[in-house]
Amino acid sequence: QLQACGGGLVQAGGSLRLSCVASGRTLNMYVMGWIRQAPGKEREFVAAINWNGRIITYGDSVKGRFTISRDNAKNTVYLQMNSLKPEDTATYYCAANEIVTTTLNQWRYWGQGTQVTVSS
């Protein structure tokens, strides 16, 4: 089970850090990712990181502003979000998979989302 937390309300230009903790299984060998969905819009790939952190990929809209990282000892993956924009407002989901992919329907395990709202 994946549980995301850390969302909230922030002003444009601000920062938030999301966390995703796994229970019931170890994340050590899984690729971890973040996907978001804004109201009325399709899901959007945000970021992914492989098991040792050596392979990282970001969606174009967050490159240079968001940073994904993981702490395998804590079974946790993070998403540091800086320079937030109103268009970053969405529900953010963490997900796990065997491979790094930006194709959303290939992500195997999904967690509950956490809401991020960025005010202008």
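## Chatting through charges, cysteines and a strand

Q: Arg108 to kick off: buried or exposed?
A: Arg108 is exposed, with a relative accessible area of 53%. For the cut-offs, buried means under 20% relative accessible area, exposed over 50%, and partly exposed in between, using a 1.4 Å probe and protein chains only.

Q: What should I know about the model itself?
A: It's a predicted model, where local features need pLDDT of at least 70 and side-chain atom pairs count only at pLDDT 80 or more, while totals for chains, interfaces and linings use all residues. Residues are numbered from 1 along each chain as its sequence is written, and side-chain values use heavy atoms, with hydrogens and water left out.

Q: OK, which residue does Arg108 form a salt bridge with?
A: Glu98, with the closest N and O atoms 2.8 Å apart. Both Glu98 and Arg108 sit in the loop between strand E9 (90–97) and strand E10 (109–119), so the pair ties together parts that are 10 residues apart in sequence. Glu98 is partly exposed, at 41% relative accessible area.

Q: Which residues do salt bridges join into one network?
A: Arg36, Glu44, Arg65 and Asp88, through salt bridges that share partners.

Q: What counts as a salt bridge, and how many are there?
A: A side-chain nitrogen of Lys or Arg has to be within 4 Å of a carboxyl oxygen of Asp or Glu. That rule gives five.

Q: Back to the network: what's the N to O distance for Glu44 and Arg36?
A: It's 2.8 Å between those two side chains. Arg36 counts as buried at 4% relative accessibility, whereas Glu44 is partly exposed at 30%.

Q: And which residue does Lys63 meet?
A: Asp60, in a salt bridge of 3.1 Å, N to O. Asp60 is exposed, with 67% relative accessibility.

Q: Changing topic: how many disulfides does the structure hold?
A: One, taking a disulfide as a pair of cysteine sulfur atoms within 2.5 Å. Cys20 and Cys94 form it, their sulfur atoms 2.0 Å apart, and the link is right-handed, with 50° about the S-S bond.

Q: Where in the chain are those two?
A: Cys20 is in strand E3 and Cys94 in strand E9, 74 residues apart, so to speak linking distant parts of the chain. Strands here (E, at least two residues) are DSSP runs numbered from the N terminus, as are helices (H or I, at least four).

Q: Cys20 and Cys94, buried or exposed?
A: Cys20 is buried, with 0% relative accessible area, and Cys94 counts as buried at 0% too.

Q: How far is Cys5 from the nearest cysteine sulfur?
A: 8.3 Å, to the sulfur of Cys20; Cys5 is in no disulfide. At 38% relative accessibility, Cys5 is partly exposed.

Q: Which face of E1 is Cys5 on, covered or uncovered?
A: Cys5 shares the uncovered face of strand E1 (residues 2–5) with Gln3, while Leu2 and Ala4 make up the covered one. In general, side chains in a regular strand alternate between the two faces of the sheet.

Q: What does E1 pair with?
A: Strand E3 (residues 16–22), in the antiparallel sense over four bridges; DSSP has to find at least two bridges for strands to pair. Gln3 has Val21 as its bridge partner in E3.

Q: Last one: where is Asn75, and what does it contact?
A: Asn75 is in the loop between strand E7 (66–71) and strand E8 (76–81), and is buried at 15% relative accessible area. Leaving aside neighbours within four places in sequence, Asn75 has contacts (heavy atoms within 4.5 Å) that include Cys20, Val21 and Arg25.
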